[in-house]
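The following exercises concern a ligand and the residues around it. Each task is followed by a solution in steps.

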Amino acid sequence: MTIEPEVYEAATWAGAVAGLLAERLRTNPSLRVCLPTGDTPVPVYDAVVALALAGACSFERATVVLLDEWVGLAPGDPARCDTRIRTGLIDRLPAPPAALHVIDADDPSPEAAAERHDEAARDLDLVVLGLGMNGHVGFNEPGSMADSPTRVLPLTDASRDAARARYGSRAVPVAGITIGMDRILAAREIWLLVTGQRKAGILRRALRDPESPDCPASYLRRHPSLRVFADDAAAGPMGR
Ligand code: GLP
């Protein structure tokens with residue numbers, strides 16, 4: 001299936017995505033939504049918080065499920081995905097979501113934590129994703145299949161390099177836990193968020209090249225309700 005990105009100027013992109021998320025929450029207050037961390041959604045969460053504070057939407061009856069997590073970071077580490085989703089979104093909302101499912105990466109058995117998180121990732125109305133520089137979604141790294149389950153997996157050097165700036169002198173984790181491609185593709189709706197010129201090449205591969213495990217984001221094109229929200233820079237020649 002050929003998917004065209006919905007392209008916005010950088011200045012309006014986050015507000016447009018946030019406005020749509022607010023609309024989903026109004027239509028379905030019990031929305032079960034999986035959310036990513038990373039840098040891409042930061043301005044979207046800022047805009048969603050502003051809308052929630054203005055009374056334009058509420059997470060009060062919604063369930064938020066975290067997309068992925070690093071293994072081996074101490075609780076509260078600012079680079080942890082649970083820390084980032086709390087400080088970037090959840091803790092700033094006027095009312096918290098009915099449920100927040102983070103990933104218990106402190107479990108001595110990360111496999112057991114992944115198994116529990118897989119239960120939380122069932123029956124999702126909406127999965128919001130960022131795009132890794134190597135085509136990963138969540139931590140479904142290259143080599144993942146469309147039916148790859150929620151699991152613990154070793155991270156590629158590319159993913160670790162992309163994260164290095166956030167770690168300072170600390171070692172970047174070597175493993176992650178991610179919701180599987182299977183659960184992502186089973187959601188009722190998927191939104192892929194992509195901004196910045198550095199993502200233009202991988203976005204083009206994800207949307208235009210033949211589907212391949214080399215670029216797990218390419219599997220998303222199978223989904224009948226995939227929407228891709230890109231800014232001008234990421235859309236590049238695919239844009240307007
Ligand atoms: C990270 C995460 C993903 C994230 C992606 C893009 O490593 N595992 O969940 O969506 O890479 O991150 P960013 O938005 O910072 O480019």
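A residue counts as near a molecule if one of its heavy atoms lies within 4 Å of it. This is a predicted model, in which local features need pLDDT of at least 70 and side-chain atom pairs count only at pLDDT 80 or more, while totals for chains, interfaces and linings use all residues. Residues are numbered from 1 along each chain as its sequence is written, and side-chain values use heavy atoms, with hydrogens and water left out.

**Exercise 1.** Determine which residues come nearest to the ligand.

Solution. Begin with the 13 residues around the ligand. Of these, Asp-39, Thr-40, Asp-68, His-136 and Lys-199 come nearest. Next, sort the shell by character: 3 residues are nonpolar, 5 polar and 5 charged (Asp, Glu, Lys and Arg count as charged; Ala, Val, Leu, Ile, Met, Phe, Trp, Tyr, Cys and Pro as nonpolar; the others, Gly among them, as polar).

**Exercise 2.** Identify polar atoms of Asp-39, Asp-68 and His-136 that lie by ligand oxygen atoms.

Solution. Take the backbone first: an N or O atom of Asp-39 there is 2.8 Å from a ligand oxygen. Then turn to side chains: Asp-68 places an N or O atom 2.7 Å from an oxygen atom of the ligand, and for a polar side-chain atom of His-136 the distance to a ligand oxygen is 2.9 Å.

**Exercise 3.** State the confidence of the chain.

Solution. The average pLDDT (the predictor's confidence in each residue, from 0 to 100) is 96, and 100% of the residues score at least 70.

Conventions. Polar contact = N/O pair within 3.5 Å; in protein donor to acceptor, adjacent residues only side chain to side chain.
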